[in-house]
Amino acid sequence: MTDKNGFFDLSKTGLTRRTALKGLAAGAGLAVAPGFVRYSQAQSSAPIKIGFQSHRTGIGAAYGRWYERTTAAAVKAINEAGGINGRPVEVIIEDDGTDPGRGAEVVGKFATQHKTDIVYGTLFSHVVIGSAPAAGEAKMPYFVVSEGHHVASTKLNRYVFQPGITDVKSQIQAMAPWIAANAGKKVTQIFPDFAFGYDHRDYLPPALKAQGAEVIAQIAIPPTESSFTKYFPQIPAETEVIYHVMVGPAVLTFVKELGEFYGSSRPQLFGFIDSLEATDINSPGLEFLDGSHFWEGSPRYAQPVDSAAQKAYRAAVGIDDNGAAVGDPKDVSTAAHMFGCWETLYVVKKAMEDAGYKGPEDRAKLVEATEALTEFAEGPEHPQGPKTFNGKIHQCFGIQNISKVEGGRLNVVHKTKIEDGLYEPEGDYTTQAL
Amino acid sequence: MKEASPSKAYALHLGVIVLLFALSFVLPEYHHGLLARIMVLAVFAMGYNLLFGYVGLLSLGHAMFFSAGLYGAGLAVIHLGWSVPAAFAAGLACGALLALVIGLLALRTSGVAFMIVTMMFAQVFYLVILYLAAWTGGDQGLVVPQSARVLVLGDTSLGLTNPTVRYMSALVLFSIVLLVTLGIVRSRYGRVLVAIRENEERTKMLGYDIFSNKLAAVVVSGTICAASGAAYALLFGYVGSTFASVQYSILPLLWVLLGGAATTLGPLIGTLFMYYVVDVTSGYTSAYLLIVGIALILLVLFFPRGILGTIRQRWLGWLP
């Protein structure tokens with residue numbers, strides 16, 4: 001190979017011995033200068049700062065508590081294994097009050113005051129959507145653990161990612177084959193009359209139809225409702241399955257009143273565990289759920305088939321076989337979701353290492369490196385199971401668990417495949433400018 | 001209250017505006033962004049103060065006026081693709097119209113009944129936002145696209161996501177509303193409002209139309225709050241139902257009480273104080289609302305008329 005421009009032809013540079021010695025001396029002087037030493041150390045050992053937007057107060061506080069514990073456990077494991085790019089990880093927590101206005105302020109605080117490398121950890125959808133513009137404007141990579149469809153809808157911006165937990169559209173789609181084959185063909189939906197419920201309202205009917213089943217009634221419950229008995233007569237008599245999503249503290253009343261309405265003879269029940277996260281499944285009033293089925297992202301109760309990675313993850317986070325805090329059986333975890341924190345942090349680690357991330361000036365490289373990821377193998381970094389990642393919509397896809405309430409615990413009876421939850425991308429973030 | 005010469009009052013207010021302008025060049029990045037947000041929300045508090053402080057009408061539903069501006073402007077951009085000025089005008093129009101309708105109905109009551117009626121209307125407004133989720137985004141809200149948040153002035157395009165543009169836009173809005181408020185409270189109409197607050201029957205006997213004066217105050221107050229909401233949507237890029245919840249009806253009341261009801265600069269002081277108490281204390285404990293509560297109790301004990309109200313009472317009687 002020839003160098004037509006002569007860039008690599010030292011014979012043309014006029015390099016003399018005197019010049020070379022001057023250069024060496026200057027280089028040596030620079031290398032031993034105190035400022036250079038400090039700079040080198042700052043580059044090599046300064047911590048990677050992760051801003052954790054936590055729901056410490058407000059409606060998401062129970063989730064926030066467990067998200068913090070999972071994050072602390074993951075960061076401890078990462079640091080003990082050498083950190084990210086040889087640098088330790090430091091987590092800075094700010095409470096967003098589960099409020100979108102405060103959430104946006106917190107993102108701004110991370111970007112301009114704490115000067116974190118990324119922001120991470122948000123769960124509630126309205127806080128994610130409220131904070132996303134602030135993250136995009138600050139060009140701050142924003143890794144959420146929300147399960148909402150908002151990221152995958154490509155309505156946010158290029159800096160928002162959800163690589164550690166599947167989105168609700170995927171979850172619903174993956175449930176449909178099992179419901180149609182095992183629970184029944186005629187389904188009545190009961191869901192809260194707000195956005196989280198609308199995802200179920202909109203995505204379940206086509207998913208069931210593809211499996212030869214149908215939604216025969218949709219009952220939306222206003223968010224301010226505290227008693228549900230008056231809605232139950234709307235459930236058609238031919239209903240074989242009641243599909244319920246009752247996010248909020250009224251779930252105990254809902255289950256109790258449903259039990260009083262049906263007595264010992266009821267249709268099959270299928271629900272999403274979200275309402276019962278951090279709630280003991282053996283709480284008084286929940287007896288009616290015995291024999292019913294739930295979606296779980298990751299199983300609350302230890303299962304006979306748990307992998308070594310799953311066992312190690314549970315031990316690291318500090319949850320016992322019943323999914324409660326070790327030493328405090330009443331402190332029930334949010335196991336179905338919080339694994340997403342663990343897995344997201346390992347995705348961040350992988351992407352930062354792929355990008356050769358050194359500091360905030362490399363945030364764009366980090367975004368591109370994250371978009372280039374395609375799959376995560378099951379193992380210590382991804383104990384919930386294997387996943388694929390679609391860089392165009394910034395969303396991961398994985399397996400789901402269907403668990404049956406029996407004997408006062410949730411036993412996994414079916415695991416879906418990744419393919420069950422795949423859908424056509426609705427857009428492409430990578431076309432947006434960085 | 002001593003009467004100040006107009007020049008003294010205007011000099012003070014212009015001084016505050018100049019100070020805020022100067023702060024733009026010296027504040028650290030984070031506080032620069034926070035102050036922009038505080039100025040926008042102080043406008044909300046100023047709108048509330050006009051009705052609560054000067055007319056004595058305690059509303060528990062002003063979140064609906066703020067959200068009328070928020071959604072009026074935000075949805076005009078998102079669904080209709082309107083420009084920033086047109087969307088802002090739409091937000092103002094929504095707030096003014098809503099305030100007119102609510103005023104016509106709620107002013108048939110007074111005292112506690114007025115509080116309850118305004119709170120109920122605000123709750124209806126909040127639930128309507130949830131009900132119309134297909135357009136409003138329901139409880140999750142909607143993002144106002146960054147690409148649409150550009151103010152075109154002749155050949156110049158100003159991105160509202162630029163921190164300096166955002167700060168200056170917030171300052172312009174704040175300054176206009178501050179001077180308009182000052183103008184109102186110093187005008188003949190402003191004195192009628194205070195007279196209504198002090199003795200409604202006597203004012204009526206003097207020949208003033210109480211209802212129409214109150215209604216005008218509700219409309220002006222609602223429009224100012226809507227201006228704040230519209231600016232929030234356009235400057236910060238998010239519209240959400242949280243801003244229509246009862247919490248955002250209580251907040252301006254707290255800001256005004258803290259800063260000093262019936263003082264023109266009190267809303268800014270109260271909003272600033274509350275924001276920084278929350279911001280600083282939340283860094284130390286998750287029980288920061290407890291500290292906020294203690295701070296409020298201490299203020300009530302030692303500054304019963306709010307910070308600026310007490311200063312006016314004890315030392316600077318000429319403060320407007």
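1. What span should the 21 residues of helix H5 (residues 111-131) of chain B have at 1.5 Å a residue, and how far apart are its end C-alpha atoms? The expected span is 30 Å, and the end C-alpha atoms are 30 Å apart, so the two agree. Note that this is a predicted model.

2. Next, the buried side of this helix. The buried residues of H5(B) are Val117(B), Thr118(B), Ala122(B), Phe125(B), Tyr126(B) and Ile129(B). They pack against four helices of chain B: H3 (63-80), H4 (84-106), H6 (133-136) and H11 (247-259).

3. The UniProt record, an unreviewed entry, carries the annotation "transmembrane region" for several stretches of chain B, including 34-57 and 114-134. The model can be set beside both. Residues 114-134 of chain B are 95% helix and 0% strand, with end C-alpha atoms 32 Å apart. Residues 34-57 of chain B are 92% helix and 0% strand, and here the end C-alpha atoms are 30 Å apart.

4. Now the contact between the chains. Chain A gives 28 residues and chain B gives 22. On the chain B side, helix H2 (residues 29-55) supplies the largest share, 5 residues. By type, the chain B side holds 11 polar, 8 nonpolar and 3 charged residues.

5. One residue of chain A deserves a look. Ala72(A) sits in helix H3 (residues 61-80) of chain A. Ala72(A) counts as partly exposed because it has 17 C-beta neighbours inside 10 Å, where 20 or more would make a residue buried and 12 or fewer exposed. Cys341(A) is 269 residues away along the chain, yet the C-alpha atoms of Ala72(A) and Cys341(A) are separated by 9.6 Å.

Notes
Residues numbered from 1 in each chain as written. Chains lettered and ligands numbered in written order. Predicted model: local features only at pLDDT ≥ 70, side-chain atom pairs only at ≥ 80, totals over all residues. Contact = placed C-beta atoms within 7 Å. Helix = DSSP H or I, 4+ residues; strand = E, 2+ residues; numbered from the N terminus. Nonpolar A, V, L, I, M, F, W, Y, C, P; charged D, E, K, R; others polar. Expected span 1.5 Å × (residues − 1). UniProt positions renumbered as here; feature names shortened; annotations may be inferred.
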